[in-house]
Amino acid sequence: MEVRIVEAENEVYQKERLLGEGAFGKAYLVKRKQTGEMLVIKEVSIDHMSQKEQEETIKEAQILRTFKHPLIVRFVEVYATKQNKLKIVMEYAECGDLSK
């Protein structure tokens, strides 16, 4: 799967707030500027990953793209930045996560 490189993501998405962070990255609540839709961007730093780990992370995004079920959060898109961050854009589930 080819991942496009985005130079000006702030033209498409406006960061609202940090939702959480883990060992591999951060999740942000964002607003799509064109539609006002609230989404989540999972940001994964790939600059310290091996080539194989990068390929596996991209493959994971590719698998998410195939899921279409009312009980699974909708995949929107995936892209990379020049700062070596992989961004996975997903539907925002307002009710929180399963840990709450």
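This short presentation describes the strands, charged pairs and aromatic rings of one structure.

Good morning. Please keep in mind throughout that this is a predicted model. I shall begin with the sheet, then turn to the charged side chains, and close with the rings.

Let us start with the sheet. How many strands does the open sheet have, and in what order do they lie? There are six, and across the sheet they run β1-β5-β6-β4-β3-β2, with mixed pairing. At the edges are β1, residues 5-6, and β2, residues 13-21, each of which pairs on one side only. As general background, the strands of a sheet pair through backbone hydrogen bonds, and the pairing is either parallel or antiparallel.

We can now take some of the pairings in turn. The edge strand β1 pairs with β5 in the parallel sense, over two bridges. Within this pairing, Ile 5 has Ala 80 of β5 as its bridge partner. On to β5 and β6, which pair in the antiparallel sense over five bridges. Here Phe 75 stands opposite Met 90 in β6. These two strands form a hairpin with three residues between them, and in this hairpin Asn 84 takes a positive phi near 60 degrees. Further along the sheet, β3 and β4 are also antiparallel, and seven bridges join them. In β4, the residue opposite Tyr 28 is Ile 41.

Is strand β5 largely enclosed or largely open? Six of its seven residues are buried, so the strand is largely enclosed by the rest of the structure.

I turn now to the charged side chains. The structure holds three salt bridges. I shall present each of them with its surroundings.

One salt bridge joins Glu 37 and Arg 74, whose closest N and O atoms are 2.7 Å apart. This pair links distant parts of the chain: Glu 37 belongs to the loop between β3 and β4, Arg 74 to the loop between α1 and β5, and 37 residues separate them. Glu 37 is partly exposed, with a relative accessible area of 27%. Arg 74 is partly exposed too, at 38%.

Another salt bridge brings together the side chains of Glu 43 and Lys 87, at 2.9 Å from N to O. This pair also connects distant parts of the chain, since Glu 43 lies in strand β4 and Lys 87 in strand β6, 44 residues apart. Are these two residues buried or exposed? Glu 43 has a relative accessible area of 11%, and buried means under 20%, so Glu 43 is buried. Lys 87 has a value of 2%, so by that cut-off Lys 87 is buried as well.

What does Glu 43 touch, leaving aside residues up to four places away in sequence? Its contacts are Lys 15, Phe 24, Gly 25, Lys 26, Tyr 28, Lys 85, Leu 86 and Lys 87. Two names on that list, Lys 15 and Tyr 28, will return shortly.

The remaining salt bridge is formed by the side chains of Glu 56 and Lys 52, at 3.3 Å from N to O. Both residues lie in helix α1, four residues apart, which is about one turn of the helix. At 43% relative accessibility, Glu 56 counts as partly exposed. Lys 52, with a relative accessible area of 56%, is exposed.

Finally, I come to the rings. A pair of aromatic rings is described by the distance of the centres and the angle of the planes. The structure holds one aromatic pair. Which residues form the pair, and how are their rings arranged? The rings belong to Tyr 13 and Tyr 79; their centres are 6.4 Å apart and their planes are at 5 degrees, so the pair is stacked. Tyr 13 is in strand β2 and Tyr 79 in strand β5, so the pair ties together parts of the chain that are 66 residues apart in sequence. Both Tyr 13 and Tyr 79 are buried.

A further ring involves a charged residue. Lys 15 lies over the face of Tyr 28, at 3.9 Å from the ring centre. As mentioned, Glu 43 touches both Lys 15 and Tyr 28, and Tyr 28 is the residue that stands opposite Ile 41 in β4.

To recapitulate, we have seen an open sheet of six strands, three salt bridges and one aromatic pair. Thank you for your attention.

Conventions. Residues numbered from 1 in each chain as written. Predicted model: local features only at pLDDT ≥ 70, side-chain atom pairs only at ≥ 80, totals over all residues. Heavy atoms only, no water. Buried < 20%, exposed > 50% of the residue type's maximum accessible area, 1.4 Å probe, protein only. Contact = heavy atoms within 4.5 Å. Salt bridge = Lys/Arg side-chain N within 4 Å of Asp/Glu carboxyl O. Pairing = 2+ DSSP bridges. Phe/Tyr/Trp six-rings, centres within 6.5 Å; stacked < 30°, edge-to-face > 60°. Lys NZ or Arg CZ within 6 Å of the ring centre and 35° of its normal.
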